[in-house]
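Me: Could you take me through the structure below by way of a few questions, with the reasoning set out for each answer?

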Amino acid sequence: MDNLNSTVEFGHSLRSKFLLEDDFIPLNNGSFGAYPKVIREALNSYREKFESNPDLWIRRNLGIDTTGINAVLKSIIYESGDKIIYFSTSHNAVKNSLQFVRDRIYDKLELLKVEINYPISDEELISKIIGIIQEEHQKPNSRIKLAVVDAISSVPGAILPLKQILSILRQHNILSVVDGAQSVGQIPLDLKDLDPDYFVTSCHKWLYCAFSVAILYVPERNKKNLRPPVTSVYYDIGFTQEFSWVGAQDYSSYLTVLPALEFRRAIGGEEKILTYCHDLAVKGGKLIASILGTEIMGPEHIIPNMVNIRLPVDISNERISVEVLNNLLFEKYRCYVLPYKHNGYWYIRASAQIYNDLSDFENVGKILKEICESFNNMVK
Ligand SMILES: Cc1ncc(COP(=O)(O)O)c(C=O)c1O
């Protein structure tokens, strides 16, 4: 494939295989991903095939399912007194969907937030969840129906102790829906072992697929009552067909799963990709932190291929905002990392991808230092 083989060295030599601008330092794969050029070619060719005979392609070649957390949240039938657990670090899209279900569909539904402020140990996080479950058990007519759990949260970019959390939820008969948007292609996953009730992951972020590709995994036991969020002519005729109709709306994108997996195999396979990106995130994060004179967000085992680094600026500095930082990064410095506030500090989230190397982190570290110094000098 495209003259690639498993001995290919990762880093800037792979930049030309992607569509990324030459004069920009992309350290934010975690938001939107970026697919290799071979995927664009596959996508175009699938689109052409699709348009050459839409009837044949839509009616005969379906098979890849997609939908998301909305399908799960809106399919479950809740009763008065039911509650849903979610995390303060859940993605805003998920929080909004929860709010919609509560406000517009089930006004008796209560949302229970698990507050997570890093640094936090896995034990502390688990005991917070158990604490909430035990407190609810004391109340009459209260039932925790469902928990929405991240495999890897987006902001901060952090691995959660998913296996332990799912096991606790199972022990208490609480359904689980895993927001795995950041997971596939970033960490190893064994869904049979994890045994979630519902699992959703996007494939455009870390798997190199075209935008809008996602996987919804549902064990047999939960397929029966699950409906796509969009109701089509295929209603109530079975899980695969109902969800395939939703998938058909962007069918050519879904087919890029195959060339994406082929690309991953051609450059050396999952272990090589995951190890390179993870090691680079850890080393790169430490390098940026040392340039800034701060630290990475810990504990270290929460780091996937994204790393969070504290910025040496005061949270009360009103000149600093996400918008101001974004403008500086995009326009003046031609690079991007995701800035955000957490637990009383400003942080950035930096992603490591196969087209990055340590020099990207070093350059971005120097840029961030300059930016922070300019803000700090303004208040002096
Ligand atoms: C953990 C997590 N959940 C949900 C989303 C939203 O995914 P989408 O934009 O595909 O709806 C993201 C996107 O960054 C994410 O990181």
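The exchange below concerns a predicted model and moves from a sheet to the domains.

Me: Which strands are the edge strands of the open sheet of six strands?
Reply: The open sheet has mixed pairing and runs in the order S3-S2-S4-S7-S8-S9, with a twist that averages 15 degrees from one strand to the next. An edge strand is recognised here by pairing on one side only, and that description fits strand S3 (110–114) and strand S9 (214–217).

Me: In S8, what is the bridge partner of aspartate 179?
Reply: Strand S7 (residues 175–179) and strand S8 (residues 198–202) run parallel and are joined by three bridges. Aspartate 179 is bridged to a residue in S8, and that partner is valine 200.

Me: At about what angle to S3 does helix H6 run?
Reply: Helix H6 (residues 122–138) lies across three strands, namely strand S2 (82–87), S3 and strand S4 (143–150). Taken against S3, the direction of helix H6 is at about 150 degrees.

Me: How many charged residues has the side of domain 1 that touches domain 2?
Reply: The domain assignment gives domain 1 as 12–35 + 269–379 and domain 2 as 69–255, and the contact takes 20 residues from domain 1 and 21 residues from domain 2. On the domain 1 side, helix H1 (29–32), strand S10 (306–310), strand S12 (338–342) and strand S13 (345–351) each supply at least two residues. By class, that side has eleven nonpolar and eight polar residues, and the charged count is one.

Notes: Residues numbered from 1 in each chain as written. Predicted model: local features only at pLDDT ≥ 70, side-chain atom pairs only at ≥ 80, totals over all residues. Pairing = 2+ DSSP bridges. Helix = DSSP H or I, 4+ residues; strand = E, 2+ residues; numbered from the N terminus. Axes fitted to C-alpha atoms, helices over the stretch in contact; angles between N-to-C directions. Contact = placed C-beta atoms within 7 Å. Domains from an automatic or database assignment. Nonpolar A, V, L, I, M, F, W, Y, C, P; charged D, E, K, R; others polar.
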